[in-house]
Amino acid sequence: MAEKTPRRRLPVAQMNIVIMTFVVYYLFFAIQFNSGGLIPSSAGDLGGFAQAIVPTATALGVYVAWFVFQVLLERLLPASIAEGTPLADGSRLSYRINGLAAMITSLVVVGTGYFMGWLPMAWVYHHFGAMLTSVTLFAFALAWFIMWWGANNPGGPGKVGPSFFRNYFYGTALNPRTPPVTGFDWKFFCECRPGLIGWVVLDLCMAAAQYEKYGEVSISMWTVIAIQTAYVLNNFWNEAWLLTTIDIQQERFGWMLVFGDLVLVPMTYCLQAYWLIDHFRDPSPIYIAGVIAFAAMGYTIFMGANLQKARFKRDSDNCTIWGKPAEFMDTARGTRLLLSGYWGKARHMNYLGDWMIALSFGLSAGFGSIIPYFYPIWFALLLITREKRDDRWCAKKYGDDWQRYREQVPWRIIPGLY
Ligand code: NDP
């Protein structure tokens, strides 16, 4: 009998690590050293790029100081305590909710430092490459520590497999905490604080660089800063809601999330502001009004859908949606599925709203380069993949009930289209 050859697994973790890191660096190359073009041109300055990304002790120091500052704010500012969703064993973890205070304090400290002349914010723009490598090295090291810590102190459901890279990439614990269970929650902290607040601060650094260069901050720069700051503020305004997201409830904390939270989010989401320093400085007020209206529509759908589900989950018997009692179906699993409001129009309309906001970031930067559209393009792919994965997970969780729900709400993300 012919011997069965074992099926070779693709090194998905290693490939993802290389590809994601490459993409982040490539975007910086494209926007700064390739005139915003995606395809390398003869004018592309690879030498300049190679020089720019060399890390420096100062850049590393700036990032470590930022990270530690955020840890201190999380630990020391007054916080309310929120309970996470039940874990597999029925227990719940407690979380410190003080992100809004941390964000406001950060902005006050940074703003004061800038206006007093202590913090030359444009420095970050001039040393963006060194900062990028410093943050990347920090994220790689932190992911290693988290993998080791999670394996030795799981404090809840974890998974340590035989493959180093899979452990490193996906993580070894769902909720690594120091000390375990009651201590500092690495995932919840990294999901929001250094990256999201850092993103807004990076935007402000770009505005400072523009001011230094041209003596003014353009209307398009203000627009992108306003829309992105509103997005982050909104996140913290509803911080406890984050505990219900898939990342917090279901993903182990490994390189994938560490890199996404600490590197990808701040260092690529600020590229619209980066581009706007020298471009699209004088768009028409009508265009800007259109972009703001589009973003506002996105917010309405995004927040509306997320809050409808959150209110419904809290008290489905007394929940009204758009002025009427919520319609729902009971399931064999014991939890109910909402059938009215946005959740009756498509199974993930929250993703549509979120994506519209992402597109408004790109639109704020005009049409001179594709790079400011990286975020909406990448995010569309992420949301499509995420929706398919959630659909699979829900089909498993809910069995036939999910099929019944799918029949009642046939659209995935965009009613009538997808
Ligand atoms: P969702 O908030 O969409 O939650 C999906 C879960 O909700 C399902 O697994 C199911 O879990 C429950 N559910 C699904 N349909 C219904 C229904 N009809 N009634 C009641 N419960 C239902 O998932 P995400 O965590 O992916 O997204 C949360 C938000 O975060 C989204 O708005 C998304 O856009 C945003 N996001 C942002 C990212 C970023 O980088 N900016 C990245 C990813 C997400 P169960 O029944 O077990 O509760």
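The legends below describe close-up views of a predicted model, beginning with the ligand and its surroundings and continuing with selected salt bridges and one further residue.

**View 1. Residues that come nearest to the ligand.** The ligand is surrounded by 28 residues, and of these Y351, D354, R386, D390 and Y398 come nearest. One of these five, R386, has a polar side-chain atom that lies 2.7 Å from an oxygen atom of the ligand. The protein covers 89% of the 920 Å² of accessible area that the ligand has on its own.

**View 2. Polar side-chain atoms beside nitrogen atoms of the ligand.** Two tyrosines are picked out here, and for Y405 the distance between a polar side-chain atom and a nitrogen atom of the ligand is 2.9 Å. For Y231, a polar side-chain atom is found 3.2 Å from a nitrogen atom of the ligand.

**View 3. Elements and domains that make up the shell around the ligand.** At least two residues of the shell come from each of α13 (285-314), β8 (337-338), α15 (349-364), α16 (374-398) and α17 (400-408). Among the contributors, α16 gives the most to the shell, supplying eight residues. Sorted by class, the shell consists of 16 nonpolar, four polar and eight charged residues. Both domain 1 (12-281) and domain 2 (283-418) take part, each of them providing at least three residues of the shell.

**View 4. The salt bridge between D278 and K213.** The structure holds 13 salt bridges, and in the one formed by D278 and K213 the closest N and O atoms are 2.9 Å apart. This pair links distant parts of the chain, since D278 sits in the loop between α12 (271-276) and α13 while K213 belongs to helix α8 (residues 186-214), with the two positions 65 residues apart. D278 has a relative accessibility of 29% and therefore counts as partly exposed. K213 is likewise partly exposed, because its relative accessible area is 46%.

**View 5. The salt bridge between R281 and E216.** The side chains of R281 and E216 meet in a salt bridge, with a distance of 3.4 Å from N to O. Here too the pair links distant parts of the chain, with R281 placed in the loop between α12 and α13 and E216 in the loop between α8 and α9 (219-237), 65 residues apart. R281 counts as partly exposed because its relative accessibility is 27%, and E216, at 39% relative accessibility, also counts as partly exposed.

**View 6. The salt-bridge network of D317, D330 and R336.** In this view the side chains of R336 and D330 meet in a salt bridge, the N to O distance being 2.8 Å. Salt bridges that share partners join D317, D330 and R336 into one network. Is R336 buried or exposed? With a relative accessible area of 24%, R336 falls between the two and is partly exposed. D330 counts as partly exposed as well, at 47% relative accessibility.

**View 7. R166 in helix α7.** The residue shown in this last view, R166, lies in helix α7 (residues 164-170). R166 has a relative accessible area of 30% and is therefore partly exposed. Along the chain R166 and M20 are 146 residues apart, while their C-alpha atoms are separated by 15 Å.

Notes: Residues numbered from 1 in each chain as written. Predicted model: local features only at pLDDT ≥ 70, side-chain atom pairs only at ≥ 80, totals over all residues. Heavy atoms only, no water. Near = heavy atom within 4 Å. Polar contact = N/O pair within 3.5 Å; in protein donor to acceptor, adjacent residues only side chain to side chain. Areas by Shrake-Rupley, 256 points an atom, 1.4 Å probe, with all protein chains shown as cover. Helix = DSSP H or I, 4+ residues; strand = E, 2+ residues; numbered from the N terminus. Nonpolar A, V, L, I, M, F, W, Y, C, P; charged D, E, K, R; others polar. Domains from an automatic or database assignment. Salt bridge = Lys/Arg side-chain N within 4 Å of Asp/Glu carboxyl O. Buried < 20%, exposed > 50% of the residue type's maximum accessible area, 1.4 Å probe, protein only.
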